[in-house]
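Trainee: Got a minute to go through this one with me? I'd like to start with the charged pairs and then move on to the helices.
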Amino acid sequence: MQGKAKKLTFLSLAAAVALILSYVEVLLPPIVTAVPGIKIGLPNIVIIFLLYRFGVKDAAAVSAVRLAAVTLLFGNPVMLIYSIAGAALSLALMALCKKCGLFSAVGVSIVGGVSHNLGQILVAMLLLETAEIGYYMIVLAVSGTVAGIFIGLAGMAVLKAMKNVRF
Amino acid sequence: MGTNDRKKIRNDIILAVVLLAVAAAAMLFWHFGKVEGDFAVVLIDGVETARYALDTDTEVVIHTDNAGENTLVIAGGKAYVGAANCPDLVCAGHRAISRVGETIVCLPHKLVIKITAASDAGGVDMAA
């Protein structure tokens, strides 16, 4: 298998892995029930890997496929707009952060975790027309940072393990 | 490990510490800057539909679009959602709120319950 077909096959596989990780995350009990929205963000391991090995366009494509599948399987259309906002802002800022060259994959992942939460909070503030929701961001900044560290380390491990695999 | 990698890891740590410090500062500011509120205000799709005094214990069912139902309970000066028929039940799991500016949000029902002070005339203030 050569070139485009190989790449397409791998990206499809990556989308499947990201989808499975989303499902695993749904199964995990909520870490803090008092504050909604705290998640570890397992699918971001795949997105970070793709960002480093394939680039932002392919990462965005896989992210979009995952979101569509997750919405059909466990979500509802109302939640899709939150998912898109989180995923889009997160990927955009991670790509910028990777490009600027100041951070390792862990730093990029921290930015991804925090900005994912920020995107969702901004949409909630707009849709519900209630600015006060913004204070959730305090807790979500902490959870995004902590989750980002672990996801970044996992992403680094995957990148290292796949170093010799050529696409 | 090259010096460039070391520098990146140092920057990662600075990034994490700065984010956590900002959050901690905001949390302290929030904790000490807030006062107990007087009303639980019900907003559906951003529009105020009702308000209940926190000093009177009560239990009301809030009806939202698409046959949504959330039971608002006010007890001991705090407000919480006792039961709801939304899919995620995040609102029902939320801790009780009593300070000005605190909210309980039910995203599926576009419902916000927010605490305000008596001096707040009501309505939505996006500049807050």
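Trainee: Is R51(B) buried, partly exposed or exposed?
Mentor: This is a predicted model, and in it R51(B) has a relative accessible area of 26%. R51(B) is partly exposed because the band for that label runs between under 20% for buried and over 50% for exposed.

Trainee: What does the side chain of R51(B) meet in a salt bridge?
Mentor: E48(B), at 2.9 Å from N to O. E48(B) counts as partly exposed too, at 28% relative accessibility.

Trainee: How many salt bridges are there over all chains?
Mentor: The search of the whole structure gives 4. One of them joins R95(B) to E102(B), with the closest N and O atoms 3.1 Å apart.

Trainee: And which of those two is buried?
Mentor: E102(B), with a relative accessible area of 5%. R95(B) is partly exposed at 36%.

Trainee: What about E36(B), which residue does its side chain meet?
Mentor: R99(B), in a salt bridge of 4.0 Å, N to O. E36(B) sits in the loop between α1 (3-33) and β1 (39-44) of chain B, and R99(B) in the loop between α2 (90-93) and β6 (103-106) of that chain, so the pair ties together parts 63 residues apart in sequence.

Trainee: Switching to chain A. Is helix α2 mostly covered or mostly open?
Mentor: Mostly covered: α2(A) spans residues 43-53, and 9 of its 11 residues are buried. Among them are P43(A), N44(A), I47(A) and F49(A).

Trainee: What covers them?
Mentor: The cover includes α1, α3, α4, α5 and α6 (136-161) of chain A.

Trainee: Which residue just after α2(A) takes a positive phi?
Mentor: G55(A), with a phi of about 110°.

Trainee: How do α4(A) and α5(A) cross?
Mentor: Their axes come within 7 Å and cross at roughly 145°. The crossing is right-handed.

Trainee: Which residues meet there?
Mentor: From α4(A) the list includes I81(A), Y82(A), G86(A), L89(A), S90(A) and L93(A). On the α5(A) side it includes V108(A), G112(A), S115(A), H116(A) and V123(A).

Trainee: Take S90(A). Buried or exposed?
Mentor: Buried, with a relative accessible area of 4%. S90(A) is in helix α4 of chain A, and it touches G112(A), S115(A) and H116(A), leaving aside residues up to four places away in sequence.

Trainee: Last topic, the surface. Which residues form the nonpolar patch?
Mentor: Y23(A), V26(A), L27(A), L72(A), L73(A) and F74(A), with about 660 Å² of accessible area together. The elements giving two or more residues to the patch are α1 (3-27) and α3 (56-73) of chain A.

Trainee: Which element gives the largest share?
Mentor: α1(A), with 3 residues.

Trainee: Where is F74(A) placed, then?
Mentor: In the loop between α3 and α4 (77-100) of chain A. F74(A) is partly exposed, with a relative accessible area of 35%. That figure is over 30%, so F74(A) passes the accessibility cut-off for joining a patch.

Definitions and conventions: Residues are numbered from 1 along each chain as its sequence is written. Chains are lettered from A and ligands numbered from 1 in the order in which they are written. This is a predicted model: local features need pLDDT of at least 70, side-chain atom pairs count only at pLDDT 80 or more; totals for chains, interfaces and linings use all residues. Side-chain values use heavy atoms; hydrogens and water are left out. Patches are made of residues with over 30% relative accessible area and no salt bridge: like charges are joined within 9 Å, nonpolar side chains (Val, Leu, Ile, Met, Phe, Trp, Tyr) within 5 Å. Accessible areas come from the Shrake-Rupley method with a 1.4 Å probe; for residues, only the protein chains shown count as cover. Helices (H or I, at least four residues) and strands (E, at least two) are DSSP runs, numbered from the N terminus. Buried means under 20% relative accessible area, exposed over 50%, partly exposed in between (1.4 Å probe, protein chains only). Axes are lines fitted to C-alpha atoms, for helices over the stretch in contact, and angles run from 0 to 180 degrees between N-to-C directions. A crossing is left-handed if the near helix is turned anticlockwise from the far one by less than a right angle, and right-handed if clockwise. Contact means heavy atoms within 4.5 Å.
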